Amino acid sequence: MSKTPPTASEEAAVPDPRTPDEQATVTEAPVTETPAAAAIPAVDPRLLVREQGFKGYVDEFKRKIRSGEIGSLPVVVGLIVIGIVFQALTGNFITSYNLDQITLYAVGPGIMAVGIVFVLLLGEIDLAVGSVAGLAGAVWGVLGTDMPDGLAILLGILSGTLLGAFHGLVFAKIGVPAFVVTLAGFLGWAGLQTWVMGERSTIPTPIGSFVGDLTKYYFSDVAAAYGLAVAVVAAFYLAQLRDSSRRKAAELPYRPQSEMILRTAVLAVLVLVAAYGFNQEQGLPLSLVIFLVILLVTDFVLRRTTYGRQVFAVGGGIEAARRAGINVAWIRISVFMISGTMGAIGGLFLASATGGADRSLGGGNQLMMCIAAAVIGGTSLFGGRGKVWSALLGILVIQSIVQGLNQMNLSSNAIQYMITGAVLLIAVIIDSVSRKTQKTAGRA
């Protein structure tokens, strides 16, 4: 039979057998409490990785692969494989001439793909970018016969901005799905392009027009290509140094000097080899310079501005972005305006490459190439993840395949479509598997 413990009053009623002197000499031992702060502080695993040296980086790489954080690795590996395969099949794929040709035909679709990246970051799609490019080229071609070239170019670009704003307004304010709005634009703007051209099927580029120089002007001085390469390498290193200093001041993980030097050295090798290749031909293409400027500006907007963070936030979750005070409607409208503007600029590059505006400008496989370039480059179709540099990597993959097939006398659209479609499907599969892996690892 269990006994109940004595109450406090019963304990007080029991006399203490010790004498008063003994009771006075006895002191209670201080009670020591172990504060929660005495726990082992958490250490960022990225700091441990760098302390472990090469082994730490290998372990970190394996962890990222297991958790689906593969970044641009598939497309970089794909470019290497494409180069090796076509070099083995043709014997002269990796040449200065091919580098020049790939650049010439990649810039127009690549710029259009930059706008597609913005739209994909929202988890949406723009099917009208090809028709917008064609209409912008038609506007420039028709107006350029009666007004100054600069004004005609500006109005051509603004036409793309306005069409993008229309897509965004119908999507964001009325609620029509972006797929439907831009599909209607794909058909409607192609018809408007034909109407603007009138009875003329082609409008040649006027002599002296800046549009003609977009893909035909080269900086022939060898110092131009090497100077740009050195500037790119220096800017890359300084950007890393600035970012590392800011993170160090904020007591966040930062890249050590050795890692920054290694990354800079790898980039230096790539860009200096490219500069050497360009100088073996006609020199540094103006089109590439403009493309790089567009990439740098849009990358800065996405990664370094409040607007860019809001684009990622809307793509990551509309309701969460709205609760955070973001003007979701404006972000959607502005993103489609950017896509329309990039489509129009890309259309002018296409007109330059083909010798003028025509009714088929922006048609054919241009839409497919732009969307495929963005996705193949690493931008997610599900929104919230991607970089504008995806446009550059993706279009290099596509145009390298096209150039390699041309060298093998397999330039038919059927073969190119099948291979590009297969590459696109592989890219989407990789993206889907990566997202599932990240969810499993608790990182999505």
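**Aromatic pairs, helix packing and surface of a predicted model**

Across the whole structure, a search finds four aromatic pairs. The model examined here is a predicted one, and two of its ring pairs make a helpful way in. In one of them, the ring centres of F166 and W189 lie 6.0 Å apart with the planes at 75°, so this pair is edge-to-face. Distant parts of the chain are linked by this pair, since F166 sits in helix α8 (residues 149-174) and W189 in helix α9 (residues 178-197), 23 residues apart. The two partners can be told apart by their surroundings. F166 is partly exposed, because its relative accessible area is 44%, whereas W189, at 16% relative accessibility, counts as buried.

Another pair is formed by F171 and F336. The centres of these rings are 5.7 Å apart and the planes meet at 65°, so this pair is edge-to-face too. F171 belongs to helix α8 and F336 to helix α16 (residues 328-354), so the pair ties together parts that are 165 residues apart in sequence. Both F171 and F336 are buried.

Helix α9, the home of W189, deserves a closer look. With 1.5 Å for each residue, the 20 residues of α9 should span 28 Å, and the C-alpha atoms at its ends are indeed 28 Å apart, so expectation and model agree. Which residues of α9 are buried? They are A178, V181, T182, G185, W189, Q193 and M197. These buried residues of α9 pack against several elements, namely α7 (129-143), α8, β1 (202-204), α16 and β4 (356-358). Both α8 and α16 are therefore among the packing partners of α9, and these are the two helices that carry F171 and F336. After α9 comes G198, with a positive phi near 70°.

Elsewhere in the chain, T103 is found in helix α6 (residues 96-121). T103 is buried, as its relative accessible area is 8%. Leaving aside residues up to four places away in sequence, T103 touches F278, P285, S287 and L288. One of these contacts, F278, leads on to helix α12, which covers 257-280. Just ahead of that helix, P256 is placed in the loop between α11 (222-249) and α12. P256 is partly exposed, with a relative accessible area of 25%. The C-alpha atoms of P256 and L241 are 9.3 Å from each other, and these residues are 15 residues apart along the chain.

The surface offers a contrasting view. L73, V77, V81, V85 and L89 together make a nonpolar surface patch of about 390 Å². One of its members, L89, has its place in helix α5 (residues 73-90). With a relative accessible area of 54%, L89 is exposed.

Finally, some totals put these local features in context. The protein chain has 19 helices and four strands. Of its 444 residues, 41% are buried. Among contacts in the chain with a separation of 6 or more, 77% come from residues 24 or more positions apart. The accessible surface of the protein chain amounts to about 23,800 Å², and 66% of this belongs to carbon and sulfur atoms.

Methods: Residues are numbered from 1 along each chain as its sequence is written. This is a predicted model: local features need pLDDT of at least 70, side-chain atom pairs count only at pLDDT 80 or more; totals for chains, interfaces and linings use all residues. Side-chain values use heavy atoms; hydrogens and water are left out. Patches are made of residues with over 30% relative accessible area and no salt bridge: like charges are joined within 9 Å, nonpolar side chains (Val, Leu, Ile, Met, Phe, Trp, Tyr) within 5 Å. Accessible areas come from the Shrake-Rupley method with a 1.4 Å probe; for residues, only the protein chains shown count as cover. A salt bridge is a side-chain nitrogen of Lys or Arg within 4 Å of a carboxyl oxygen of Asp or Glu. Buried means under 20% relative accessible area, exposed over 50%, partly exposed in between (1.4 Å probe, protein chains only). Rings of Phe, Tyr and Trp (its six-membered ring) pair if their centres lie within 6.5 Å; planes under 30 degrees apart count as stacked, over 60 as edge-to-face and the rest as tilted. The expected span of a helix is 1.5 Å times one less than its number of residues. Contact means heavy atoms within 4.5 Å.
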